[in-house]
Amino acid sequence: MVTDTVALPLKGHKVLVTRPIHQAKGLVEMIEQQGGEAIKFPVIEIKAIDVRQWNEWNPLHTNWLVFVSRNAVEAFMSGYQQQLPSTIKLAAAGEGTAQAMREQGLKVDLLPELSNGSEGLLQLPEWQQMDQQQVTIVRGEGGRELMAETLRARGASIDYLEVYRRQLPKVSVDLQQKACSADWLTATSANGVTNLLSLLSVSCPQILQKPLLVVSERIKAFAIEQGFKQVHVSLDASDGAIIQRLIEMGSDHGV
């Protein structure tokens, strides 16, 4: 006989989904399919920057176009209405970003194999010698500098296309209380961890004691610095990887 725990491994658990509202549907549905209750609590509001405010950028002079997140892909495609030159190689910072690129009809020429983010891309053999390579990094305002600094040291020229802004959403008291009832929390960026605390640390003082699932070791280290006591890491930022780690967490805790 198959028990509910095996058939529905997340049954009885509430999971806080903190993705931007327009990106939460897939993860919410997967949690519910596994028997869990998903609480939608977006901690970042994404606002695309008007294409007329983008930095000047010449696709014909670009060797690599690098997308650092799903948000970067979607904001770029909402503003850039032309066909990309076939000579440009496209890189994704992780599987979630690559998935967004494929959904938009973009090819994925380079993707980290073992770890996500800048660190994963920088480990790949294709990026060890970058002399005379023009790299354009598509990101939100104020992103990390590790990729640019490392590629410059390897001989590349770097441009940024900052195509969106991150904002702290306005959240009702009722939604804060509902969020505080979650058994497990999720966060897919360091900024998400910061905003989660900004939105809940007063109304939910026990938040730091709740298990938190993040999508990279870098974000885990940041979350621990902020005071979280139980931090878990998924294989990457894709919905499937997050669900798999939630199921493993449930098994570890005897759901």
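This note comments on a predicted model of a single chain, first in outline and then around strand β6.

1. On the overall form, the chain contains ten helices and ten strands, and its C-alpha trace spans about 60 × 40 × 35 Å along the principal axes. The radius of gyration is 19 Å, which agrees with the value near 18 Å that a compact globule of 255 residues would have.

2. On packing, 50% of the 255 residues count as buried, and of the contacts with a separation of 6 or more, 64% are made by residues 24 or more positions apart. The accessible surface comes to about 12,700 Å², with 48% of that area belonging to carbon and sulfur atoms.

3. Strand β6, residues 134-140, deserves a closer look, because seven of its seven residues are buried and the strand is therefore largely enclosed by the rest of the structure. In a regular strand the side chains alternate between the two faces of the sheet. Both faces of β6 are covered, with Q134, T136, V138 and G140 buried on one side and V135, I137 and R139 buried on the other.

4. As for the neighbours of β6 in the sheet, strand β4 (residues 64-67) pairs with β6 in the parallel sense over four bridges, and here F67 stands opposite V138. Strand β7 (residues 157-167) also pairs with β6 in the parallel sense, over seven bridges, and within that pairing Y160 is the bridge partner of I137.

5. Concerning the connection, helix α6, residues 146-153, joins with β6 and β7 in a β-α-β unit that is right-handed.

Notes
Residues numbered from 1 in each chain as written. Predicted model: local features only at pLDDT ≥ 70, side-chain atom pairs only at ≥ 80, totals over all residues. Heavy atoms only, no water. Buried < 20%, exposed > 50% of the residue type's maximum accessible area, 1.4 Å probe, protein only. Helix = DSSP H or I, 4+ residues; strand = E, 2+ residues; numbered from the N terminus. Pairing = 2+ DSSP bridges. Right-handed = clockwise from strand over helix to strand, strands pointing away. Rg over C-alpha atoms; globule rule 2.2 N^0.38 Å. Contact = heavy atoms within 4.5 Å. Areas by Shrake-Rupley, 256 points an atom, 1.4 Å probe, with all protein chains shown as cover.
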